[in-house]
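Good morning, colleagues. Please have the sequence and the coordinates open while I speak.

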Amino acid sequence: LWNILCLFSVLHAAQLLDSGMLFPRESASRELKELNGLWAFRADKSPNRNRGFEEAWYKQRLAETGPVIDMPVPASFNDVTQDATLRDFTGWVWYDREVHLPPRWITDEGTRLVLRVGSAHYYSVVWVNGEKVVEHNGGHLPFEAEIGSLFRKDPTNPCRITVAVNNTLTLETLPPGTIHYIRDRSRYPDGFFVQGTSFDFFNYAGIHRSVLLYTTPRAYVDDVTVVTDFVDNTGFVKYSVSVRGTTSATLKVTLMDKDGHCVASSNGSSGVLKVPDVKLWWPYLMHENPAYLYSMEVRLTAGGGGSSEDVYTLPVGIRTVHVTTTQFLINNKPFYFHGVNKHEDSDIRGKGFDWPLIVKDFNLMKWMGANSFRTSHYPYAEEILQMCDRHGIVVIDECPGVGIKDIQSFGNASLSHHLEVMEELVRRDKNHPSVVMWSVANEPAAEMPPAEFYFQTLIKHTKELDPTRPVTYVTASNFARDKGAPFVDVLCVNSYFSWYHDPGHLEVIQLQLNTQFEDWHEKYQKPIIQSEYGADTVPGFHSDPPVMFSEEYQSEVLRNYHSVFDQKRNKYVIGELIWNFADFMTAQGVTRVVGNKKGVFTRQRQPKASAFILKERYWRLANETGTLPPWAKYPCAL
């Protein structure tokens with residue numbers, strides 16, 4: 001399968017980095033058309049998974065080349081049918097639909113028309129009316145292509161969009177995987193193969209986020225970068241604007257407060273806006289006025305006399321992030337992470353974007369007093385980060401570098417792809433005030449000799465892309481053999497004492513956790529986040545004395561960990577993130593019964609006993625470390 005996949009050049013992915021990736025927003029000069037809904041769908045179940053390319057399915061409507069079924073977009077394709085072969089399918093799947101465009105989009109030569117895919121897993125090829133317009137290597141991040149010229153050749157043609165997506169994972173993809181062909185015909189049918197992975201979540205696939213068309217003028221704002229700071233009561237917004245489509249343009253940059261009043265303005269493609277009486281962006285439960293956002297309007301005028309204008313507005317939170325050997329500082333004040341790890345995962349829709357689920361999750365996080373989460377183990381939807389910006393939820397933004405266990409995954413090809421993914425991630429998320437740290441990997445085999453060069457290069461490159469945020473990766477390695485830890489700014493450590501180690505022995509947790517913290521800090525002299533801890537729990541299963549998988553056992557694991565956190569958090573432990581926020585689906589196996597059950601909420605977002613333990617703890621921590629408004633003395637909804 002991978003040999004077929006490699007026929008498509010990855011050059012397009014590299015070229016995409018030359019342009020910006022601003023989140024599409026409507027304005028006086030920009031329009032949007034969402035293409036979500038039902039698409040025609042077919043999985044290529046041919047033995048080599050290549051029939052779609054051999055027969056050129058993209059040259060006509062998918063329904064004209066064979067049977068199709070309805071498939072919702074956005075959604076994973078795995079769980080929406082009764083077809084067991086589709087649930088675990090590996091290879092190419094095909095989507096298409098026809099779109100009617102507003103006539104002015106086609107007739108107006110001064111309008112750019114851009115097709116954007118929010119994310120598709122993992123390798124994508126897109127055609128419009130049979131012409132290939134873009135390829136993209138990797139899931140979880142957006143890609144786009146300008147397509148207006150295709151329709152101006154013959155405006156009577158419909159807009160037919162075809163997307164082929166391949167979820168095959170190899171040792172050079174992110175996340176990595178392996179394909180095992182088994183050729184024993186006495187035991188396995190012809191063509192039998194297994195997609196192997198080293199991560200503990202289901203390999204959902206498909207078009208997972210919105211597909212849309214948007215317009216800009218021919219001369220347009222391509223990218224905006226902001227870096228913020230403050231001194232006393234004055235804020236500073238250093239900005240840089242990239243313009244395309246013109247060599248002569250004027251720019252007007254205006255920063256407005258929540259009431260729409262101008263607080264600072266400037267001309268030119270770069271500069272510094274001074275904000276008097278600045279209102280800083282503070283995390284949830286850390287300040288009486290958290291998550292304050294300004295709006296920065298960028299207005300481009302090209303062609304003289306105002307003949308062409310583009311307007312783009314970017315939310316801006318003014319805040320700083322610094323790390324010492326023992327503290328994580330937001331706006332020069334110590335911040336303690338008390339939050340969760342999450343997954344984009346839910347019944348039926350898999351990893352498909354779903355607004356009701358997102359709003360429910362934010363209500364639950366705020367109810368329990370969580371101030372942060374990690375995007376384990378991949379970048380989440382941009383809309384989720386926008387919610388974090390608006391509600392003050394702090395984010396550790398993680399790339400899909402999970403399951404890097406094989407020495408071949410530390411090779412040059414893998415590193416090159418990993419660097420590209422980090423460039424795409426930083427380019428997309430660099431302006432979010434909620435994003436305070438980049439995580440370049442989760443639980444890699446960092447004890448392997450190649451890991452030292454790999455992570456030194458990767459972390460250095462990420463810091464060059466964004467010098468304003470610290471960089472970490474999440475380790476489960478022995479501290480004495482970890483090759484990457486010297487290069488990170490914050491140590492994020494996963495451990496599962498009395499679960500994967502010494503199962504059933506609650507009495508070892510405090511001793512082993514204390515030893516873990518002391519060993520890591522003595523060796524590296526860096527602040528530490530307990531980035532994962534927990535225990536699988538079957539909701540409604542009770543046992544006294546506690547036994548594994550009971551709600552009582554999960555509760556006792558948490559209490560033992562919390563006791564040590566309280567001893568260390570005024571020294572060098574700067575955070576605790578429970579694994580996991582909610583139960584989630586995994587591949588089938590003898591160690592999992594319908595998924596991973598370490599959530600403090602069920603997959604349907606109902607609380608286990610541990611959710612109430614965390615709620616009590618997190619609100620106590622907030623009252624100890626924050627400056628809370630009166631309403632925050634009690635759990636609240638959005």
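In what follows, a residue is called buried when its relative accessible area is under 20%, and exposed when that value is over 50%. The model on the screen is a predicted one.

Let me apply that cut-off to two cysteines. Cys-159 has a relative accessibility of 2%, and it therefore counts as buried, because the limit is under 20%. Cys-388 is buried as well, at 0%. How many disulfides does the model contain? The count is zero, where a pair of cysteine sulfur atoms would have to lie within 2.5 Å.

I turn now to the overall division. The protein is split into domain 1, residues 35–216, domain 2, residues 220–316, and domain 3, residues 321–625. The centres of domain 1 and domain 3, taken over C-alpha atoms, are 31 Å apart. To the contact between these two, domain 1 supplies 28 residues and domain 3 supplies 40 residues.

A database annotation is available for part of the chain. In an unreviewed entry, UniProt lists residues 321–622 as "domain: Glycoside hydrolase family 2 catalytic". In the model, this span is 35% helix and 16% strand. The C-alpha atoms at its two ends lie 19 Å apart.

One residue deserves some time here, namely Phe-202. It sits in the loop between strand S12, residues 193–197, and strand S13, residues 206–207. Is Phe-202 buried or exposed? Its relative accessibility is 5%, so it counts as buried. Which residues does Phe-202 touch, leaving aside those up to four places away in sequence? They are Asn-78, Arg-87, Asp-88, Lys-351, Met-585, Thr-586 and Ala-587. Of these partners, I would single out Met-585: it is 383 residues away from Phe-202 along the chain, yet the two C-alpha atoms are separated by 5.5 Å.

Next, the sheets. As general background, the strands of a sheet pair through backbone hydrogen bonds, either parallel or antiparallel.

An open sheet of six strands runs in the order S3-S2-S4-S10-S7-S8, and its pairing is antiparallel. Its edge strands, each pairing on one side only, are S3, residues 69–73, and S8, residues 131–137. On average, neighbouring strands of this sheet are turned by 30 degrees against each other, with direction ignored. Within the sheet, strand S4, residues 92–99, and strand S10, residues 159–166, are joined in the antiparallel sense by eight bridges. Val-93 stands opposite Val-165 in S10.

A second example is an open sheet of three strands, ordered S15-S16-S19, again with antiparallel pairing. Here the edge strands are S15, residues 220–231, and S19, residues 270–275, and each pairs on one side only. The average turn between neighbouring strands of this sheet is 20 degrees, direction ignored. Strand S16, residues 234–244, is paired with S19 over six antiparallel bridges. Val-237 has Leu-273 in S19 as its bridge partner.

For a parallel case, consider strand S30, residues 491–494, which is joined to S31 by four bridges. Cys-492 has Ile-529 in S31 as its bridge partner. How many of the five residues of strand S31 are buried? Five of the five residues of S31, which spans 528–532, are buried, so the strand is largely enclosed by the rest of the structure.

Finally, some points of backbone geometry. The peptide bond from His-121 to Tyr-122 is cis, with omega near 0 degrees. Tyr-122 is placed in the loop between strand S6, residues 120–121, and strand S7, residues 123–128. Asp-544 and Pro-545 are also joined by a cis peptide bond, with omega at about 5 degrees. Pro-545 belongs to the loop between S31 and helix H12, residues 551–568.

Two residues other than glycine have a positive phi. For Asp-277, phi is near 45 degrees. This residue lies in the loop between S19 and strand S20, residues 294–302, and at 62% relative accessibility Asp-277 counts as exposed. For Asn-332, phi is near 70 degrees. Asn-332 is found in the loop between strand S23, residues 328–330, and strand S24, residues 333–334. With a relative accessibility of 48%, Asn-332 counts as partly exposed.

That concludes my presentation, and I welcome discussion.

Key: Residues numbered from 1 in each chain as written. Predicted model: local features only at pLDDT ≥ 70, side-chain atom pairs only at ≥ 80, totals over all residues. Heavy atoms only, no water. UniProt positions renumbered as here; feature names shortened; annotations may be inferred. Buried < 20%, exposed > 50% of the residue type's maximum accessible area, 1.4 Å probe, protein only. Pairing = 2+ DSSP bridges. Axes fitted to C-alpha atoms, helices over the stretch in contact; angles between N-to-C directions. Domains from an automatic or database assignment. Contact = heavy atoms within 4.5 Å.
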